[in-house]
Amino acid sequence: MKVILIRPRPHKETIGLQHVMICEPLEFEYLISNIPNHIKNDIHIKMIDLIVEKKNYKDILINEKPDFVLFTGYITHVGIIKDLAKKAKEIFHNVITGVGGVHAEVVPNDFNSDFIDFIYNKNGIDGFNLTLEMLLEHFDVNKINEQLNTYNFKNDNFKYNYPDRKSVSKYRSHYYYMFHSPCALIKTSFGCPYNCSFCFCKEITKGKYFSRDMEDVINELKTIEEKEIYIVDDDFLFDRNKLRHFIDLVKDNNIQKNFLVYGRADFITENADIIAELKSIGLQAVIVGIESVRASDLQAYNKKTTKEINEKCIKILKDLDIELYATLIIPLDFTITDFAELTSWLKKLNVRFVNLQPLTPLPGTEIFNSYTSELIVERNSYEVWDMAHVVLNPKFMSIRRFYYELLKAYYKVIMRPSHLTVLIKKYGLKANLKMLAGSSFVSMQYIHKIVRGR
C-alpha cells in the first residue's frame, strides 16, 4: 500500500512565523518510525513537505499514485487541507484521506468534510497504525472509523520509537528556527502542568502532563546530527530535579549541542542557578511567555506571574547571555498610551526579540466561548486564526490603527541600530540578512492590513 504524508504550505493570508522559521514535521517522523514491524514491508510511505518542496501537489499525486494520503496542520491549515483532500479524491476516486495534528485532536469537527475519511482526534500514532492494519485487511472506511472511535488509546505515557529523521533527509537543510540553523526538534514531555486560560496546548492532553525518562531523551539526542536542538516541550523548565539530571547526563555523555527551549518567567527567577548550569551545557535561547506588563491581564490569563517576576527573569537571561524570545499578548482594550508604555518597557529592559500577539481566543480553548459574540472574523476563516490577525474588535482605536501600533512597536523594539550591531557580531551578516528578509515579508503583510483596514 502506498501512503504519502503531506504537510501543506500555509495560506497566503496567514501572517506566519514561517517566514523566520521552518521546523521539521516531527509528528510525521514519529508515524513513519512506529509502523508495526509485521506490516512494514507492506507499506511504502513517503513524507512530502509542501513548505519547502518545489514540485506541484497535483504532479506529486499523479506521480506517486497513493492509496492513502494523510495531512497534518494547525487551525490555519483547515481550509487548505480540505481543498487538498478534495483534489486528491478528484484525481483518484478511491484514494483514502485522513488528517491529524494538534487541531484535529482538540477541534476535530473543523475537519468534517466529504473528502476526509479519517480524523485522528486521539493518539495519532496508534490510530494511524490501526488504520494501516485494517486497510491492509480490506476493511472499509466506516468499519475503520468505528474502531477508531471505540478503541481505547492510552495517552499517559510515550513508549514509542524515536522519530525517523532520515525520512525527511531531502528537506533537513531547510529546517531552522531564527538563528538556529539547521535545527532539529526533540520532545521530552507532553502537556503542561499549568492552567493559563488562553492556552491551546493544555487542551491537547486534556490538562495531563507527563515526561519521558531523561536517559531515553539523552539516547535520542545522541542520534541527532544537528548541533542546534529545539526542545519543543510546552514547558521544558519545570522540574528542577529532572533538569539537574538532564545536565548531568549531557555532561557525562559529552553531548555538544545548542539548546532552545520554552520556559516560564517564575521558574527562571526561582532557579537562576539551574539556568546558569543549563547555559554551561549549551542553552542558547529561551522562549518565555511574558504575556503582559499589566497585572489585570496576567490575572485574567491565570498566568500566576507578575511584572516584577518578568523583569527579574529578563535580567537573569541577559546576565547569562541567553537569548530571550519574549511573547506577549496584546488585549484589544490597549490604548495608544498602552502601546507606548509597553514599547518603552521592552526597550528599557533591552529585549531584542518579541512576538506581539493580538488576544486570540482560539477555538478549543477555555476562553473561546467568552468571546464568540465579539469576533470580527468568521469562525471558518481558518487562515486568519494565526494569532497575528486581529480577530476581536479593538475598543479604543480602529483595526487599521491597531495594526499600525503593532508594527510600530515591533520596529521600535527590534530594529534598533545597537541591536543590529550586536546581532551581526553574534550570528553573522548572512544569518541576519535571512532574518531581515523574513521579517520584511511579515512587515509587508501588516502594511497590507493597515492599508486595507482589516
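Start by selecting Ser189 and Asp233 and showing their side chains: a polar contact of 2.9 Å joins the two. Keep in mind as you look around that this is a predicted model.

Stay on Ser189 and switch to the cartoon view. Ser189 belongs to strand β9, which covers residues 189-190. Is Ser189 buried or exposed? Buried: its relative accessibility is 1%, and the cut-off for buried is under 20%.

Who else is around Ser189? Setting aside the neighbours within four places in sequence, select Tyr209, Phe210, Ser211, Asp233 and Asp235, which are in contact with Ser189. You'll recognise Asp233 there as the partner in that 2.9 Å polar contact.

Now zoom out and select the whole protein chain. Colour by secondary structure and you can go hunting for 19 helices and 15 strands. Turn the chain around: along its principal axes, the C-alpha trace spans about 65 × 55 × 40 Å. The radius of gyration is 22 Å, which agrees with the value near 22 Å that a compact globule of 454 residues would have.

Next, think about inside and outside. Of the 454 residues, 56% are buried, just as Ser189 is. Try a surface view too: the chain exposes about 20,600 Å², and 51% of that comes from carbon and sulfur atoms.

Switch on the contacts if your viewer can do that. Among contacts with a separation of 6 or more, 78% are between residues 24 or more positions apart.

Last stop, the charges. Colour the 60 positive and 57 negative side chains; the centres of these two sets lie 6 Å apart.

Conventions:
Residues are numbered from 1 along each chain as its sequence is written. This is a predicted model: local features need pLDDT of at least 70, side-chain atom pairs count only at pLDDT 80 or more; totals for chains, interfaces and linings use all residues. Side-chain values use heavy atoms; hydrogens and water are left out. Helices (H or I, at least four residues) and strands (E, at least two) are DSSP runs, numbered from the N terminus. The radius of gyration is taken over C-alpha atoms; the globule rule is 2.2 Å times the number of residues to the power 0.38. Buried means under 20% relative accessible area, exposed over 50%, partly exposed in between (1.4 Å probe, protein chains only). Contact means heavy atoms within 4.5 Å. Accessible areas come from the Shrake-Rupley method with a 1.4 Å probe; for residues, only the protein chains shown count as cover. Lys and Arg count as positive and Asp and Glu as negative; His and the chain ends are not counted. The place of a charge is taken as NZ of Lys, CZ of Arg, CG of Asp or CD of Glu. A polar contact is a pair of N or O atoms within 3.5 Å; within protein, one must be able to donate a hydrogen and the other to accept it, and residues adjacent in sequence count only if both atoms are side-chain atoms.
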